[in-house]
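Hi everyone, thanks for making time for this. I'll put the structure up on the screen, and then we can walk through it together.

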Amino acid sequence: MTDLPPSLRNKLASQTAFGTFIKIARREIAEVIAAAGFHFAICDLEHSQITEQEASQVILAGIGCGLPTIVRVASLDPGLINRLLEAGAAGIQLPQVQTREQVTALCNAMKYPPEGSRSISLAQPAARYGAEPLTDYIRRANRELLMVGQLETRELELPLEDLIRGLDVIFIGILDMTLDMGVPGRFDDPQIVQRQREIENAARAAKVHMGIYADSPSRAAHAAAAGYRYIALSSDLGALASGTRSWLHQLRETSAAKA
């Protein structure tokens, strides 16, 4: 049986981890991302056509090539979350987090008692089908699985430090935030910059890792320099679109030079 990939939690404790979103449910996508040297992937069930069954295949492909896979769900569905974690997901990313109640519900859905209320079965991949002793598996699952909450709206329960406490990563959904605050795409708008600094200060106070989406390598590098540890650089579709546009641009330039 294939060994589980290294804990993403351990990576975040010692270095900046770079990942990318998976929106195409193919084993080859996970393998290419792993071979490129990314530390993790986020299988996107919020903004893609990936089904639950396809997400499970992406997760298992990630396990096979040593790529921890977080799943971004569309909403808090404890049954779905449990099945994704049983398939071997390294954690769950929940969008539109606004209240402490949501954070508590995510914890309950992801952690086994006494830390949460997740139902248990050993007849599943993450438990290695019972090959791992029950208490060892429960301890490992509760310790290693990552809870990632996205803050991306104008309305957030205050104080922010209390809202995010207990999460492992707070992920700033910067594009959604600009949209919700009435300045779509304007990342340098003063109110966006102020809200981002407020979240960063709260994350440091609550000892929660900071995460963010970056649409370019330069933005990813800037985020890393600012102390972000969990950085999602574009997506498989973004890489495909960028690569094909670049090829055609080079082709046209080369053809024009030879004409």
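Let's start in the loop between α5 and α6, where you'll find R128. Have a look at its backbone: phi of R128 is near 55°, which is a positive value in a residue other than glycine. Keep in mind as we go that this is a predicted model.

Stay in that loop for a second. P114 also has its place between α5 and α6, and the peptide bond joining P113 and P114 is cis, with omega at about 10°. There's a cis bond to show you elsewhere too: L158 and P159 are joined by one, with omega at about 0°. P159 sits in the loop between β5 and α7, and α7 covers residues 160-164.

Back to positive phi values. S234 has one as well, near 55°, and again this is a residue other than glycine. Where is S234? Its place is in strand β8. And is S234 buried or exposed? Its relative accessibility is 16%, so it counts as buried, since the cut-off for buried is under 20%.

Okay, β8 brings us to the barrel. Eight strands make a closed barrel, going β1-β2-β3-β4-β5-β6-β7-β8, and the pairing is parallel. If you ignore direction, neighbouring strands in this sheet are turned by 25° against each other on average.

Let me zoom in on one piece of that barrel. Strand β5, residues 146-151, pairs with strand β6, residues 169-172, in the parallel sense, and four bridges hold that pairing. In this pairing, V148 stands opposite V169 of β6.

Now rotate the view to find helix α10, residues 217-225. This helix lies across three strands: β1 (17-22), β7 (209-214) and β8 (230-235). Relative to β8, helix α10 runs at about 175°.

Next, the rings. How many aromatic pairs does the structure hold? There are four. One of them is F40 with Y230, and that pair is stacked: the centres are 4.5 Å apart, with 20° between the planes. F40 lies in strand β2, residues 40-44, while Y230 lies in strand β8, so this pair ties together parts that are 190 residues apart in sequence. Both F40 and Y230 are buried.

Y230 has another partner. Why do we call its pair with F171 edge-to-face? Because the planes of F171 and Y230 are at 90°, with the ring centres 6.0 Å apart. This pair links distant parts of the chain too: F171 is in strand β6 and Y230 in strand β8, 59 residues apart. As for accessibility, F171 is at 2%, so it counts as buried, and Y230 is at 0%. Put those rings together and F40, F171 and Y230 form one aromatic cluster.

While we're on rings, check out F21. The charged end of K23 sits over the ring of F21, 5.5 Å from the ring's centre.

Let's move on to the nonpolar cores. The largest one has 63 residues, and V71, L84, I92 and I164 are the members that touch the most others. There's another core apart from that one, with 14 residues, among them A17, F40, A90 and Y230. Yes, F40 and Y230 are the stacked pair from before.

Let's pick L84 and follow it around. Leaving out neighbours within four places in sequence, L84 is in contact with L45, E52, A55, I59, V71, V73, A89 and I92. L84 is also one of the buried residues of helix α4, alongside L80, I81, N82, L85, E86 and A87. Why say that α4 is largely enclosed by the rest of the structure? Because seven of its 10 residues, in the stretch 78-87, are buried. What do those buried residues pack against? They pack against α3 (52-64), β3 (69-72), β4 (91-94) and α5.

Last stop: helix α6, residues 134-144. Its buried residues are Y137, R140, A141 and N142, and they pack against α5, residues 100-110. That puts us back beside our starting point, as R128 lies in the loop between α5 and α6. Okay, that's the tour, and I'm happy to go back to any part of it.

Key:
Residues are numbered from 1 along each chain as its sequence is written. This is a predicted model: local features need pLDDT of at least 70, side-chain atom pairs count only at pLDDT 80 or more; totals for chains, interfaces and linings use all residues. Side-chain values use heavy atoms; hydrogens and water are left out. A nonpolar core is a set of buried Ala, Val, Leu, Ile, Met, Phe, Trp, Tyr and Cys residues joined through side-chain atoms within 4.5 Å. Buried means under 20% relative accessible area, exposed over 50%, partly exposed in between (1.4 Å probe, protein chains only). Contact means heavy atoms within 4.5 Å. Two strands pair if DSSP finds at least two bridges between them. Helices (H or I, at least four residues) and strands (E, at least two) are DSSP runs, numbered from the N terminus. Axes are lines fitted to C-alpha atoms, for helices over the stretch in contact, and angles run from 0 to 180 degrees between N-to-C directions. Rings of Phe, Tyr and Trp (its six-membered ring) pair if their centres lie within 6.5 Å; planes under 30 degrees apart count as stacked, over 60 as edge-to-face and the rest as tilted. A charge sits over a ring if NZ of Lys or CZ of Arg is within 6 Å of the ring centre and within 35 degrees of the ring normal.
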